[in-house]
Amino acid sequence: MHLARFPRIHFAHLPTPLEPLERLSESLGGPEIWIKRDDCTGMSTGGNKTRKLEFLMAEAQVQRADMVMTQGAIQSNHARQTAACAAKLGMKCHILLEDRTGYTEADYNANGNVLLDLLHGATAEKRPGGLDMNAELEKVADHFRQDGMNVYVIPGGGSNPTGALGYVDCAMELLWQANNHDLTIDHIVHATGSAGTQAGLLTGLKTMNANIPVLGVSVRAPRDRQEDSVFKLALSTADKLGCPGVIHRDDVIANSDYVGEGYGLPAPSTIEAIKMFAELEGILLDPVYSGKGAAGLIDLIRQGQFKHGERVVFLHTGGSASLFAYASRFAFPKLV
């Protein structure tokens with residue numbers, strides 16, 4: 001795949017590390033667990049959206065945009081990384097933040113990613129949950145256009161075929177690392193939400209005939225809906241690459257057993273996973289995405305789905321900045 005055909009700005013710190021999780025592997029007594037550290041991509045504490053934004057922001061520049069707009073939940077990692085990339089390029093950034101949790105705590109509404117959005121110079125508006133946020137985005141963008149701004153609109157999560165190219169590139173990078181270290185990978189597991197990460201990763205792996213299954217642990221949608229979203233985006237990403245027909249419906253696998261009460265609402269298994277990674281490996285997950293992905297990984301190992309002698313790579317999608325918005329969910333004792 002010749003990704004240099006597509007406009008790109010090299011924001012990210014690449015390649016991100018691929019590391020063994022020896023203490024976690026020993027604790028769970030199942031497969032050998034490795035981690036792909038896409039929490040280390042750079043741009044405002046890093047995360048998976050930086051890879052997508054390399055292609056999205058380049059497309060915005062080609063279109064001579066002077067403002068980018070996007071949307072997400074109040075503690076959106078994507079919003080934070082978009083604001084950071086816009087700051088670096090000298091573009092204005094405006095964000096619509098949807099209240100998907102109903103949390104009223106000051107930390108949730110003003111700390112974590114929200115604090116960083118504003119620190120990067122972005123402006124933001126809040127919306128109640130349940131709206132068509134992409135329609136809201138276009139409505140507000142039209143107001144800015146009437147005022148003379150050239151607005152480039154990025155969908156939630158940066159998840160369109162342009163953004164998914166970032167994870168086609170990640171698939172190439174991961175295989176290069178594995179091949180150089182004689183590392184056979186049996187499974188890849190990661191949190192899946194707006195579908196761009198899984199769609200891009202799967203498209204890249206299938207195009208290279210890697211024969212590595214990808215399991216997306218859903219953070220929001222039921223399994224059928226999540227898989228349909230990933231499949232549709234993978235098809236359009238393959239078309240963009242000039243590789244139609246490489247993706248089949250049964251290539252797309254999602255598990256929605258770890259959503260808990262809903263998006264942005266950490267389940268007990270989420271908190272357990274965050275604590276395990278922190279206490280055993282010194283790695284910070286987040287309560288919305290990577291924590292739920294890791295909860296799925298841990299439970300499926302305990303169930304025997306991933307077996308001793310296999311090697312599983314957990315793709316860390318970042319998001320640790322949102323931990324500061326969820327401090328009360330950990331119930332740590334107060335210092336005295």
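Is Lys206 buried, partly exposed or exposed? With a relative accessible area of 32%, Lys206 counts as partly exposed. That residue is taken up again below, once the overall form of the protein has been described. The structure is a predicted model.

The protein contains eleven helices and ten strands. Its radius of gyration is 19 Å, close to the 20 Å that the globule rule gives for 336 residues, so the protein is as compact as a globular protein of that length. Along the principal axes, the C-alpha trace spans about 60 × 60 × 35 Å. Of the 336 residues, 58% count as buried. The contacts also reach across the sequence: among those between residues at least 6 apart, 80% join residues at least 24 apart.

The interior may be considered next. The largest nonpolar core has 63 residues, and those with the most contacts inside it are Met57, Val68 and Phe277. A second, separate core consists of 26 residues, including Ala171, Ala195, Ile247 and Val313. For Phe277, the contacts beyond four places in sequence include Leu21, Leu24 and Ile35 on the one hand, and Ala294, Ile298 and Phe314 on the other. Gly282, Ile283 and Leu285 are also among the residues in contact with Phe277.

Some of these partners recur around His316, a residue of strand E10, which comprises residues 311-316. His316 has a relative accessible area of 0% and is therefore buried. Not counting residues up to four places away in sequence, His316 touches Ile35, Lys36, Arg37, Asp38 and Asp39, together with Ile283, Leu284, Leu285 and Ser290. Two of the residues that His316 touches, Lys36 and Asp38, also belong to a network of salt bridges that links them with Arg51 and Glu173.

Helix H9 offers a view of how a single element is placed. It runs over residues 223-241, and at 1.5 Å a residue its 19 residues should span 27 Å; the end C-alpha atoms are 27 Å apart, which agrees. The buried residues of H9 are Gln226, Glu227, Val230, Phe231, Leu233, Ala234, Thr237, Ala238 and Leu241. A general property of helices helps in reading that list. An α-helix has 3.6 residues a turn, so residues three or four places apart point the same way. The buried residues of H9 pack against two helices, H7 (161-180) and H8 (196-207), and against strands E7 (187-192), E8 (214-218) and E9 (253-255). Just after H9, Gly242 takes a positive phi of about 80 degrees.

Charged side chains supply a further set of links, and a search of the whole structure finds 20 salt bridges. One of them joins Asp251 to Lys206, with the closest N and O atoms 3.2 Å apart. Asp251 lies in the loop between H9 and E9, and Lys206 in helix H8, so the pair ties together parts that are 45 residues apart in sequence. The two partners differ in exposure: Asp251, at 16% relative accessibility, counts as buried, whereas Lys206 is partly exposed.

Arg127 takes part in two salt bridges, one with Glu125 at 2.9 Å from N to O and one with Glu136, whose closest N and O atoms are likewise 2.9 Å from those of Arg127. Arg127 counts as buried at 15% relative accessibility, and Glu136 counts as buried at 14%. Glu125, by contrast, is partly exposed, with a relative accessible area of 26%.

The final stop is Asp66, which lies in the loop between helix H2 (49-62) and strand E3 (67-73). At 33% relative accessibility, Asp66 counts as partly exposed. Leaving aside neighbours within four places in sequence, Asp66 is in contact with Met91, Lys92, Met149 and Asn150. With Asn150 the approach can be stated in detail: the backbone nitrogen of Asn150 lies 2.9 Å from a polar atom of the Asp66 side chain. Met172, in turn, is 106 residues from Asp66 in sequence and 32 Å from Asp66 in space, C-alpha to C-alpha.

Definitions and conventions: Residues numbered from 1 in each chain as written. Predicted model: local features only at pLDDT ≥ 70, side-chain atom pairs only at ≥ 80, totals over all residues. Heavy atoms only, no water. Helix = DSSP H or I, 4+ residues; strand = E, 2+ residues; numbered from the N terminus. Buried < 20%, exposed > 50% of the residue type's maximum accessible area, 1.4 Å probe, protein only. Contact = heavy atoms within 4.5 Å. Polar contact = N/O pair within 3.5 Å; in protein donor to acceptor, adjacent residues only side chain to side chain. Core = buried A, V, L, I, M, F, W, Y, C linked by side-chain atoms within 4.5 Å. Expected span 1.5 Å × (residues − 1). Salt bridge = Lys/Arg side-chain N within 4 Å of Asp/Glu carboxyl O. Rg over C-alpha atoms; globule rule 2.2 N^0.38 Å.
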